[in-house]
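Visitor: I'd like a close look at a single part of this model, and then a walk outward from there. Could you take me through it slowly?

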Amino acid sequence: PGSASALRDPATQRGVLVLIALYLLLYVLPLAVRPLASPDEVRYGEVAREMLVSGDWVSPHFNGVRYFEKPALGHWLNALSLAVFGENAFALRLPVALATGLAALIVFALARRFLGASTAVLATAIFLTTFLVAGVGTFALLDAFLALFLTAALAAYYVALRSAPAERRAWLIACGVACGAAFLVKGFLALAIPVIVAAPYLAS
């Protein structure tokens with residue numbers, strides 16, 4: 001109830017509108033402005049395109065050769081966007097922009113739950129204007145997907161630790177699902193980072 005009333009505060013509502021405008025300005029509008037960067041964006045775009053053309057959603061290919069450098073989830077998301085919006089720079093970069101937007105939403109929700117609505121607005125603004133986040137969130141790389149799922153995993157884990165036993169299992173399941181999705185983007189790195197973060201916290 002307290003959080004809901006805080007969100008009805010005019011200052012908080014203006015802050016949320018500013019965040020939405022900031023996200024659209026920094027992450028959505030620039031997607032189609034520049035050509036694809038070589039080699040990474042071109043390579044990931046071609047992997048997604050060949051996935052669509054071949055109909056093989058199990059084994060990614062690059063120039064007709066099986067491409068197993070990364071797991072398939074990021075390529076699936078790129079291919080789905082190309083299927084909906086066509087083969088262009090906007091379509092290829094849209095999934096990473098959406099992933100960054102969802103990560104920002106998690107930051108907002110977590111900060112609002114534990115620190116209040118005004119702090120949530122500030123934390124999300126800092127997140128969206130961080131140079132590295134903005135760079136990763138507007139280039140067709142896999143890092144934005146990894147960041148989203150790791151953010152979701154660690155946020156769910158933190159909420160689980162602060163929740164009543166009746167709710168804890170659901171949050172821990174959400175954490176596990178997010179870790180699994182992160183694994184499907186970048187492999188074992190997705191399991192190492194949550195352990196590195198959670199272990200010192202539990203030991204403190």
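Does Val 185 count as buried or exposed, and what is its relative accessibility?

Guide: Let's start right there, keeping in mind that this is a predicted model. Val 185 comes out as buried, because its relative accessibility is 0% and the cut-off for buried is under 20%. The residue sits in helix 9, which covers residues 165–186. Leaving out residues up to four places away in sequence, Val 185 touches Lys 70, Pro 71, Leu 73, Gly 74, Leu 142, Phe 145, Leu 146 and Phe 149. You can also try a C-alpha to C-alpha distance here: Ala 147 is 38 residues from Val 185 in sequence and 10.0 Å from it in space.

Now look at Lys 186 in the same helix 9. Its side chain meets that of Asp 143 in a salt bridge, 3.6 Å from N to O. Since Lys 186 belongs to helix 9 and Asp 143 to helix 8 (residues 143–161), the pair ties together parts that are 43 residues apart in sequence. Both ends have some accessible area: Lys 186 counts as partly exposed at 22% relative accessibility, and Asp 143 counts as partly exposed at 33%.

Two of the residue names from that contact list lead us on. Phe 145, a contact of Val 185, also appears in the contacts of Asn 78. Asn 78 has its place in helix 4, residues 73–85, and is buried with a relative accessible area of 1%. Setting aside neighbours within four places in sequence, Asn 78 is in contact with Tyr 44, Ala 48, Leu 92, Pro 95 and Phe 145. Lys 70, the other name to follow, touches Val 185 and is in contact with His 75.

His 75 is found in helix 4 too, and at 0% relative accessibility this histidine counts as buried. Besides Lys 70, its contacts beyond four places in sequence are Tyr 44, Val 47, Ala 48, Met 51, Pro 60 and Tyr 67. Tyr 44 and Ala 48 are among the contacts of His 75, and Asn 78 has them on its list as well.

That brings us to helix 3, residues 40–54, where Glu 41 lies. Glu 41 forms a salt bridge with Arg 93, with the closest N and O atoms 2.7 Å apart. The pair links distant parts of the chain, as Arg 93 is in helix 5 (residues 89–115), 52 residues away. Here both partners, Glu 41 and Arg 93, are buried. Helix 3 has another salt bridge, between the side chains of Glu 46 and Arg 49, at 2.9 Å from N to O. Those two are 3 residues apart, about one turn of the helix. Glu 46 is buried, with 17% relative accessible area, whereas Arg 49 counts as partly exposed at 29%. The salt-bridge count comes to 5.

Next, the rings. The count of aromatic pairs is 6. In one of them, Tyr 23 and Tyr 27, the ring centres are 5.6 Å apart and the planes meet at 20°, so the pair is stacked. Both tyrosines lie in helix 2, 4 residues apart, about one turn of the helix. Tyr 23 is buried with a relative accessible area of 16%, and Tyr 27 is buried at 0%. Phe 85 and Phe 90 pair up edge-to-face instead, 6.0 Å centre to centre with 85° between the planes. Phe 85 counts as partly exposed at 44% relative accessibility, as does Phe 90 at 26%. Phe 114, Tyr 158 and Tyr 201 form one aromatic cluster.

While you're on helix 2 (residues 10–28), find Leu 24. Leu 24 counts as partly exposed at 40% relative accessibility, and together with Leu 17 and Ile 20 it forms a nonpolar patch on the surface, with about 280 Å² of accessible area in total.

Finally, zoom out. The protein chain has 10 helices and 2 strands, running α-α-α-β-β-α-α-α-α-α-α-α from the N terminus. Its radius of gyration is 18 Å, which agrees with the value near 17 Å for a compact globule of 204 residues. The C-alpha trace spans about 55 × 35 × 25 Å along its principal axes. Of the 204 residues, 38% are buried. Among contacts between residues at least 6 apart in sequence, 68% join residues at least 24 apart. The chain exposes about 10,900 Å², and carbon and sulfur atoms supply 72% of that.

Notes:
Residues are numbered from 1 along each chain as its sequence is written. This is a predicted model: local features need pLDDT of at least 70, side-chain atom pairs count only at pLDDT 80 or more; totals for chains, interfaces and linings use all residues. Side-chain values use heavy atoms; hydrogens and water are left out. Patches are made of residues with over 30% relative accessible area and no salt bridge: like charges are joined within 9 Å, nonpolar side chains (Val, Leu, Ile, Met, Phe, Trp, Tyr) within 5 Å. Accessible areas come from the Shrake-Rupley method with a 1.4 Å probe; for residues, only the protein chains shown count as cover. A salt bridge is a side-chain nitrogen of Lys or Arg within 4 Å of a carboxyl oxygen of Asp or Glu. Buried means under 20% relative accessible area, exposed over 50%, partly exposed in between (1.4 Å probe, protein chains only). The radius of gyration is taken over C-alpha atoms; the globule rule is 2.2 Å times the number of residues to the power 0.38. Contact means heavy atoms within 4.5 Å. Rings of Phe, Tyr and Trp (its six-membered ring) pair if their centres lie within 6.5 Å; planes under 30 degrees apart count as stacked, over 60 as edge-to-face and the rest as tilted.
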